[in-house]
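Here are my notes after going through the model you sent. I start with the open space, then turn to the contact between the chains and the enclosed spaces.

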Amino acid sequence: MQKIVLVLFLIICLGSQLFAINFAGNSGFAIPLGSWSDEHGSGQFFSVNTDILSKDYLAIFVSFNVSTFAGKANSNYHFQSFSPGSGLKFYPLFFIDNSNLFAKASVSYNFIERSLHNAKETGNDLAVLSLIGAELKTGNNWIIYLSLGEKHFLGGIDMFVIGVGLGYKK
Amino acid sequence: MRRFLLLLVLLLQSCSYENPYIARIRSNYFPIDKTGSFWIYRNENGSEKYIEVKENPNNLTKDGKEVIILEENYNEAYWYKDNGYISRYREIQVDFNGQLTAVESRWQNYIEIPLVKGNSWNDSWNDTLVLLNEPLYRTDNLNATVQTFETLNTEAGEFKNCYKIKFTVLEEIRSEIIGDSLFQETYYEWYAPGVGLVKSAKSNEIWELIDYGNIEKGD
């Protein structure tokens with residue numbers, strides 16, 4: 001079931017990119033907040049997303065995110081999540097020269113795996129990602145994204161997210 | 001419309017629901033480092049044991065590690081929580097002519113953290129010691145596996161997402177002075193999120209948590 005969801009999601013992503021000719025890749029750090037930070041250190045994430053519908057102040061996008069966290073007290077422990085999601089982007093909040101500020105929110109379904117040596121525990125949860133950021137236009141079509149925000153798993157864990165990305169929009 | 005969507009995002013951001021998997025990730029299964037925490041257990045014969053985390057005012061260390069002092073019925077035991085393990089300090093004594101003689105002491109990696117179902121670990125210790133100028137060969141082996149997670153009900157309440165750990169210990173001594181001996185035992189322990197040990201079971205003895213809390217919080 002999980003594989004089918006992932007394949008469908010990638011088809012939507014790629015199809016949307018071809019149709020709308022826009023995509024963005026983001027990478028950055030996620031810092032666990034609260035009690036789960038006792039055993040989890042900061043992690044890296046990588047995400048791709050594409051707008052599937054765009055109006056004058058709003059865009060609807062789909063995204064795919066991969067995150068990985070190392071154990072804080074045990075270097076053999078790893079926490080990974082793979083999360084397709086969809087969300088809304090409000091822009092421009094206001095312009096500064098060739099750039100604008102935006103606010104983004106997405107809901108994602110997270111496939112999570114915790115591993116220690118050869119033992120694995122898998123699970124899943126819904127998460128809400130809220131970001132504010134800036135789009136810096138570097139050419140006719142290329143955009144640099146800077147963003148920060150918070151990802152909240154509905155099961156009760158949170159992380160602070162800071163990222164940088166590159167996008168193409170035609 | 002714009003305000004409604006922003007409000008919806010804020011609402012979702014503050015939402016939470018019970019997800020057992022996430023609960024296991026965010027929980028501390030070994031809150032043994034909070035001074036004043038206590039646990040009271042009772043076995044099937046009605047005997048009780050009281051364990052309390054004591055203050056370590058003099059920063060007592062063992063082999064360079066600052067200990068966590070757990071007092072069990074007025075006997076102090078030393079624990080340590082770091083480097084991927086909950087470790088306990090073992091002071092090994094052997095019985096020679098009815099008198100206990102200390103032969104060695106060291107940290108034993110007792111539980112590998114964080115707990116993940118299916119994980120196994122081993123703490124093995126082979127030493128040649130000296131007792132009355134004669135060699136004493138000692139093997140001390142601990143194997144443990146996180147078997148499952150389950151809900152437990154004890155007199156202290158219902159505990160969800162408890163990890164069940166199976167321990168197998170083997171202690172072998174070969175000595176011309178005190179003779180050879182072999183001791184093997186299997187037992188189980190259950191740990192609850194935010195609470196710690198709630199149940200332990202050996203072949204002929206079951207201890208269950210009947211009360212817990214923190215003295216400093218007035219529990």
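1. Start with the largest pocket, which holds about 1400 Å³ of space. It is lined by 49 residues, and those closest to its centre are E72(B), W79(B), R88(B), Y110(B) and E189(B). Keep in mind throughout that this is a predicted model.

2. Strand β7 of chain B, residues 85–96, is the top contributor to that pocket's lining, giving nine residues. Sorted by class, the lining of the largest pocket comes out at 28 nonpolar, 15 charged and six polar residues.

3. Now the contact between the chains. Chain A puts in 39 residues and chain B 30 residues. Together the two chains bury about 2900 Å², with 59% of that on carbon and sulfur atoms. On the chain A side, R114(A), E121(A) and L154(A) are worth a look: they supply 19% of the area that chain A buries against chain B, more than any other three residues.

4. How many salt bridges cross the interface of chain A and chain B? The rule finds one. The side chains that meet are those of E121(A) and R24(B), at 3.2 Å from N to O. As for polar contacts, 16 residue pairs are counted between the two chains, with both residues at pLDDT 80 or more.

5. On the side of chain A that touches chain B, four strands each supply at least two residues: β4 (77–90), β6 (99–116), β7 (119–137) and β8 (142–153). Of the elements there, β7(A) gives the most, with 10 residues. By class, this side of chain A has 20 nonpolar, 12 polar and seven charged residues.

6. Then the enclosed spaces: there are two cavities of 30 Å³ or more. The largest cavity has about 420 Å³ of space. Its lining runs to 31 residues, and nearest the centre are N26(A), S47(A), N49(A), K104(A) and L131(A). Strands of chain A that give two or more residues to this lining include β1 (22–33), β2 (40–54), β3 (58–71) and β9 (157–169). The class split is 13 nonpolar, 13 polar and five charged.

7. The second largest cavity has about 60 Å³ of space. Both chains appear in its lining: E39(A) and R114(A) are there, along with chain B residues including R24(B), I25(B), F30(B), P114(B) and Y163(B). That lining has seven nonpolar, one polar and three charged residues. Two of the names are familiar from the points above: R114(A) is among the three residues in the buried-area share, and R24(B) is in the salt bridge with E121(A).

Definitions and conventions
Residues numbered from 1 in each chain as written. Chains lettered and ligands numbered in written order. Predicted model: local features only at pLDDT ≥ 70, side-chain atom pairs only at ≥ 80, totals over all residues. Heavy atoms only, no water. 1 Å grid on protein atoms, 1.4 Å probe; cavity = no way out; pocket = protein on both sides within 12 Å on 5 of 7 lines; lining within 4 Å. Points joined across faces, edges and corners; volume = space filled by probe spheres on them. Nonpolar A, V, L, I, M, F, W, Y, C, P; charged D, E, K, R; others polar. Contact = heavy atoms within 4.5 Å. Buried area = accessible area lost by both parts, 1.4 Å probe. Salt bridge = Lys/Arg side-chain N within 4 Å of Asp/Glu carboxyl O. Polar contact = N/O pair within 3.5 Å; in protein donor to acceptor, adjacent residues only side chain to side chain.
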